[in-house]
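User: Hi! Could you walk me through a few residues of this model, one question at a time?

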Amino acid sequence: MEVFKNYIGGKWVPSTSERTFESRNPAHWDEVLGVFPDSTEEDVQKAVEAAKEAFRQWSRMPAPKRGEILRKAGEILLARKKEIARVMTREIGKVLKEAEGDVQEAIDTAFYAAGETRRMFGYTTPSELPNKYALTFRTPVGIAGVITAWNFPIAVPAWKIFPALAAGNTVIFKPAPDASLTATYFVEVFEEAGLPPGVFNLVFGAGIAGKAIVEHPDIKIIAFTGGTETGKKIYESAGRRLKRVSLELGGKNPQIVMPSADLDLAVEGAVWGAYGTTGQRCTSTSRLILHEAIYDAFMERFKERVSRIRIGDGLDPEVEMGPVINKTQLEKDLMYVRIGQEEGARLTYGGKQLTEGPYAEGWFMEPTIFEDVTPDMRIFKEEIFGPVLSVIRVKSFEEAIEVANAVRYGLSSSIYTRDTVEAMRAVQELEAGITYVNAPTIGAESHLPFGGVKDTGNGAREGGWTVFDIFTEWKTVYIDFSGKLQKAQIDTWEE
Ligand code: UN1
């Protein structure tokens, strides 16, 4: 099988690496989608040279002109949505409807970023001296290194790349190895849209390339989505080089259900939040916090609904839950099932790998429920990134909030209640970057800030207008038309 090429300086070029890796279909492991280069420092260096060269022209192009190209890319994504979604389902296993949603999130981001090129407002403010103007502009930073996880192969890169380009930066993108093929489609879209060569470069890799991007002195921004431990290493290394860093890391997202909740709605929300994308979103619901008054009624309906989840190849429109991404992740999920049992939690649904019939060819796992989970357990605290849900019984609203906040992560959170005071208090008290009221923990929209508190990140917010704080520098301008030397803080104003 031919080895895919990197995309550098507007050309598909072979890597200098001898090493390769494969991307395979998690639902049919024998199906190899492509062989990709495990790129080297030299490849990254070439990408940096191309991105540096392209920056000169791209950063000077009027932002609305850049916006026209981004809008075109959005239109191409829209036209190719179904085709790209199918590739994504084959490559990472998420069900087709969700894959289409993934592409749609990128389309929304494209149009939002394109529109923003006609705003990207600065401030004008009075000067403390007469006949002097004070104003500010957002300016591009330079080259942005974008390193992403496999679970949103188009949406998450798009969150970073469209705004980075809108602001006039150039980009080097290193996708997750398991999502490499989908990344080539993403690049093709920009190529088709007429993006100038070198503005957007793609370097595949499974180790060295990511590190080379983080360490390269000419790459001024690192935007990373992935695990907290890797994020910390990146932050440290990039911090030493004074880079701007945006980190979207782990989660252990709670859904609280209070006695006044619409239980059917809360059940549907929990099923979607915990098992949508096979529990492999950083926003997935991994802790269900139930008030004791509705515990039994909720769990009965919930387990009945979970038992009807159709598992299989995401290309089948009837399927609701696809495979786990790969063997390593499946083993991790099963390891946590063992840990949960050893810790004394009660495994009340699932917990096993599916190996018979249509499942024999891929990495499938049952939706899994643990009850009697307590805050000291590892399955309560640690991000699993699979279809494993911990259920916790609480006696009061206060206890629900305390339990929800008793983890080191703080990405998404949710409460189901019809009590407005509880809803308002949850909005105020839940330690999370995102709180949903009467909706599951997943489903963030592209025009709002996305990110988390505590160990979920470093305070950066992608999505919406806040993403431009990552991808722009401020230029402050003073224009003195008094015709004399005016000394700020020293001269006083006299009529
Ligand atoms: C992620 O899992 O990295 O809110 C992103 C959501 C999606 C994005 C998830 N819109 O679930």
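Analyst: Happy to! One term before we start: helices and strands here are DSSP runs, numbered from the N terminus, with at least two residues for a strand. Please keep in mind that this is a predicted model.

User: Great. In which strand is Tyr133 found?

Analyst: The strand in question covers residues 132-140, and Tyr133 belongs to that run. Its label is E6.

User: Which residues make the nonpolar surface patch with Tyr133?

Analyst: The patch has an area of about 310 Å². Besides Tyr133, its makers are Ile479 and Phe481.

User: Is Phe190 buried or exposed?

Analyst: Phe190 sits in helix H6, which spans residues 180-193. Leaving aside neighbours within four places in sequence, its contacts include Leu70, Ala73, Ile161 and Phe200. The cut-off for buried is under 20% relative accessible area. Because Phe190 has 1% relative accessibility, it counts as buried.

User: How far apart are the C-alpha atoms of Phe190 and Gly464?

Analyst: Along the chain, Phe190 and Gly464 are 274 residues apart. In space, their C-alpha atoms are separated by 21 Å.

User: And is Leu288 buried or exposed?

Analyst: Leu288 lies in strand E13, residues 285-291. Beyond neighbours within four places in sequence, Leu288 touches several residues, among them Val257, Phe298, Leu389 and Ile392. Its relative accessibility is 0%, so Leu288 counts as buried.

User: What separation do the C-alpha atoms of Leu288 and Arg393 have?

Analyst: Leu288 and Arg393 are 105 residues apart along the chain. Their C-alpha atoms are separated by 8.6 Å.

Technical notes: Residues numbered from 1 in each chain as written. Predicted model: local features only at pLDDT ≥ 70, side-chain atom pairs only at ≥ 80, totals over all residues. Heavy atoms only, no water. Patch = residues over 30% accessible without salt bridge, like charges linked within 9 Å, V, L, I, M, F, W, Y side chains within 5 Å. Areas by Shrake-Rupley, 256 points an atom, 1.4 Å probe, with all protein chains shown as cover. Salt bridge = Lys/Arg side-chain N within 4 Å of Asp/Glu carboxyl O. Helix = DSSP H or I, 4+ residues; strand = E, 2+ residues; numbered from the N terminus. Buried < 20%, exposed > 50% of the residue type's maximum accessible area, 1.4 Å probe, protein only. Contact = heavy atoms within 4.5 Å.
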